[in-house]
Amino acid sequence: AQSSVTLFGVVDASVRSVKNGSAGSETQMASGDNTTSRWGMRGVEDLGGGLRASFHLESQLNVDSGTADAAKYFGRRSTVSLSGGFGEVRLGRDYTPTFTNGLGDEFGIVGIGSRGIFLYGGGSNLGSAATTLVRADNAVSYFLPTMGGVYGQVQISAGEGVVGNRYTGGLLGYKNQALDAGIAYGITDVGTPSDFKHYNVKFNYNFGFATLHTLYDVKTWGARKTQDISIGASIPVATGTIRAGYTRANRSGGPLGSGYADGDDSTRLAIGYVHDLSKRTAVYTTLSRITNKGAARSSVLGSAPAGMLGGENSSGYQVGLRHIF
Amino acid sequence: AQSSVTLFGVVDASVRSVKNGSAGSETQMASGDNTTSRWGMRGVEDLGGGLRASFHLESQLNVDSGTADAAKYFGRRSTVSLSGGFGEVRLGRDYTPTFTNGLGDEFGIVGIGSRGIFLYGGGSNLGSAATTLVRADNAVSYFLPTMGGVYGQVQISAGEGVVGNRYTGGLLGYKNQALDAGIAYGITDVGTPSDFKHYNVKFNYNFGFATLHTLYDVKTWGARKTQDISIGASIPVATGTIRAGYTRANRSGGPLGSGYADGDDSTRLAIGYVHDLSKRTAVYTTLSRITNKGAARSSVLGSAPAGMLGGENSSGYQVGLRHIF
Amino acid sequence: AQSSVTLFGVVDASVRSVKNGSAGSETQMASGDNTTSRWGMRGVEDLGGGLRASFHLESQLNVDSGTADAAKYFGRRSTVSLSGGFGEVRLGRDYTPTFTNGLGDEFGIVGIGSRGIFLYGGGSNLGSAATTLVRADNAVSYFLPTMGGVYGQVQISAGEGVVGNRYTGGLLGYKNQALDAGIAYGITDVGTPSDFKHYNVKFNYNFGFATLHTLYDVKTWGARKTQDISIGASIPVATGTIRAGYTRANRSGGPLGSGYADGDDSTRLAIGYVHDLSKRTAVYTTLSRITNKGAARSSVLGSAPAGMLGGENSSGYQVGLRHIF
């Protein structure tokens with residue numbers, strides 16, 4: 001049994017100072033601001049005839065406080081798969097295609113500087129009951145086999161009586177040495193007044209001296225809508241990578257003061273540097289600022305702290321250490 | 001340290017459709033309907049002179065939703081043992097002998113088609129406080145050493161102030177290449193009106209072309225009683241195993257409408273097929289139907305959903321993938 | 001990835017009988033009374049140039065009931081470190097220096113006979129909100145490099161808005177083959193009326209035929225104060241170790257009846273034997289008695305059960321099995 005299991009993980013801790021409008025400033029230790037801290041087990045079994053069985057169990061942890069996700073211990077991923085020439089069938093809890101297509105930003109989709117703040121942070125479900133911004137329970141996925149650089153996935157997840165859990169979506173992309181471009185679309189059943197709909201277009205290109213990272217992401221629920229456009233760059237230097245990114249979130253359709261009304265818009269501007277000590281270990285620093293207008297309450301923390309008022313700005317900087325095992 | 005640890009587990013997910021009377025039909029993803037999904041660590045140390053120390057930690061997980069058992073993380077088993085020519089002394093949380101003797105049914109005691117629905121499912125404690133249908137906390141067990149095919153165990157578990165936790169029981173059996181037969185008896189202290197008592201007789205026989213699986217299981221609490229008789233078969237075919245089983249649960253002694261009155265009886269009828277892709281990986285399908293009479297509410301789900309009324313039937317079918325690592 | 005991870009742990013279970021004054025006697029199964037039951041992962045990566053990255057994740061478990069720490073799964077330790085000629089910088093949840101300096105008692109700081117009952121057991125924070133008797137969240141530590149036998153650490157932990165979490169402390173010690181002596185000091189911000197202050201002096205000496213274990217430990221909060229003096233010995237014999245220890249806790253300054261008033265004093269007297277079956281496996285037995293005066297409620301259980309009254313005594317004995325993997 002043992003030989004087939006790979007034990008893996010990430011431990012990432014940082015010291016950061018954040019300021020969130022009226023909620024004030026705080027110095028904190030954070031976990032996973034370069035790469036989410038986790039541990040897991042995975043394995044592949046060759047069944048012969050090109051067929052493979054595989055599994056992946058992955059658990060989030062917070063290095064700063066020693067906590068794990070008590071409610072969903074293997075909440076990052078718990079899947080079993082059968083794959084072969086036909087592609088892959090995967091069962092369990094996993095990323096949704098609309099989230100997967102949003103990966104690949106310059107900040108690795110996590111931390112105070114990432115466009116992930118808008119992709120899946122506080123308010124990203126537009127106030128609906130959708131739980132599928134990142135992952136879905138009870139998901140059956142089919143992945144295309146490797147065909148040139150084309151990749152694709154469709155996913156259906158059973159709601160099992162929980163409003164906001166039932167999701168249907170897919171993605172289609174193309175990837176070669178320089179280019180990674182994809183589109184994704186997903187619908188979540190959240191009851192009235194309409195389904196929660198989400199689509200995005202990713203276009204990343206490696207120019208050699210730098211990689212361009214862009215995402216156009218749109219979510220709607222009834223009259224509410226957010227269009228987020230992100231652009232960023234990662235620039236390899238001697239012993240690391242400089243990263244910089246910008247997002248503009250353009251919200252509309254919600255009632256005045258809801259944070260989803262016209263003009264409840266936000267922008268992200270972040271710059272950082274990752275200094276590689278090895279392939280697995282790095283020290284990193286990030287500087288980020290989010291500007292909110294109207295009643296918007298986006299925060300570098302992902303979710304705004306209670307004391308932060310609509311339209312107030314958020315900012316932070318940090319220094320951290322990330323180790324992959 | 002590391003060399004002595006075996007990391008092991010099971011990931012098993014299925015798609016099933018179940019119908020439970022007035023609670024209606026639902027399509028679900030389920031975890032562990034062929035073999036309970038889990039991960040664990042175990043190890044053995046040779047102490048010399050025939051003496052061995054060993055441990056076993058095993059945690060249940062649900063592949064469909066990524067959850068673990070937050071209340072009892074290593075709730076499947078957490079034991080440390082000393083064993084040798086004298087047998088084995090085992091300390092910790094573990095199966096009760098009355099449960100162990102009920103193992104070895106044709107469906108592996110789990111899933112929508114198993115006799116486990118009656119052995120430990122909803123209502124199997126007859127409405128008492130007994131928590132010992134499957135496992136006991138704070139258990140000291142003694143296991144007989146290997147003596148021909150004879151095996152046996154006695155177990156005492158401390159209640160530590162929790163009503164329904166204090167258990168005393170044992171099992172005695174005989175096993176050779178064809179036969180596996182055993183008897184078990186256990187008493188759980190549940191306060192008034194009497195102890196919860198449980199005994200069962202297992203008789204399994206491998207005829208070569210098929211194995212017969214039978215269990216006669218009786219539980220009593222005060223006037224309440226359930227006598228469950230199960231018969232099943234597992235039939236090896238070219239690349240897998242066909243399984244079929246039947247249980248009749250004959251309940252009596254409880255008040256009218258309680259689900260434990262005379263005539264609150266249930267039957268299980270199930271058939272399935274496990275297609276082996278390797279020793280560790282299989283796809284499986286099961287079809288099961290439970291017929292309830294009077295106020296009985298047994299369900300293929302193990303515990304009946306809230307909307308299901310007494311006397312209504314339950315049925316389900318599923319297709320799943322199980323991988324052992 | 002896998003090659004760098006060490007999976008480790010301890011499973012330790014015992015049967016004990018305890019008596020706690022009016023709360024009466026109880027026979028229990030206990031976990032970790034010789035060495036706390038746990039599992040964990042750790043690893044070290046050589047970064048070249050004398051630099052190393054390392055991590056340590058450690059989770060407590062209770063063998064008797066199969067539970068883990070649901071609220072802080074890796075609550076025993078979750079850290080990532082960078083170390084080299086300059087020493088070690090460590091980030092995450094970890095022991096506080098004032099706790100670390102109290103380690104090294106004759107009973108391994110845990111169980112019914114240990115001075116840990118006074119170092120971190122019930123009432124050891126003097127009724128303040130301090131959570132830092134053993135560990136601190138959000139801690140940044142710096143450890144001195146190896147310099148002869150001198151060792152030292154400073155630690156600062158961010159409160160992040162939780163009263164009783166903000167800690168600043170350090171330790172300095174000297175260790176050679178016979179001697180291990182150290183001092184530690186720590187301050188925890190608990191709001192009014194003052195900080196919670198804690199310091200201790202450890203002096204352990206191995207005379208060859210026996211090791212002497214002493215600790216002088218003082219905690220204050222406002223007018224409340226406890227001065228605990230511990231002395232113990234561990235005596236190697238043919239196949240194990242005899243251990244004996246005594247603590248006198250001298251409390252003062254609290255209101256009458258609070259358990260912290262003048263004369264609310266306690267003493268511990270314990271003797272035990274650890275019989276080694278291998279380096280990793282041992283059986284052990286301990287006999288312990290705690291005498292309380294005034295309103296003091298110290299217990300061999302660490303925290304007194306509800307029914308135990310002030311000034312009542314506590315005692316216990318146990319036999320257990322400990323296996324390290």
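**Reading a three-fold arrangement**

Mentor: Of the residues of chain A, A:Ala70 comes closest to the rotation axis, with its C-alpha at 3.4 Å. This is a predicted model, in which local features need pLDDT of at least 70, side-chain atom pairs count only at pLDDT 80 or more, and totals for chains, interfaces and linings use all residues. Residues are numbered from 1 along each chain as its sequence is written, chains are lettered from A and ligands numbered from 1 in the order in which they are written, and side-chain values use heavy atoms, without hydrogens and water.

Trainee: What rotation superposes chain A on chain C?

Mentor: Two copies of a chain are related by a rotation about an axis and a shift along it. Here the rotation is 120° and the shift 0.0 Å, with RMSD 0.0 Å; the fit is by least squares on the C-alpha atoms of residues with pLDDT of at least 70 in both copies. That is the relation of a three-fold axis.

Trainee: How many residues of chain B are in contact with chain A?

Mentor: Contact means heavy atoms within 4.5 Å. By that rule, 30 residues of chain B meet 34 residues of chain A.

Trainee: What is the area buried between chain B and chain A?

Mentor: The size of an interface is often given as the accessible area lost when the parts come together. With a 1.4 Å probe, and summed over both parts, the area buried here is about 2600 Å², and carbon and sulfur atoms give 70% of it. B:Leu7, B:Met29 and B:Phe325 supply 21% of what chain B buries against chain A, more than any other three residues.

Conventions:
Buried area is the accessible area (1.4 Å probe) that two parts lose on being put together, summed over both.
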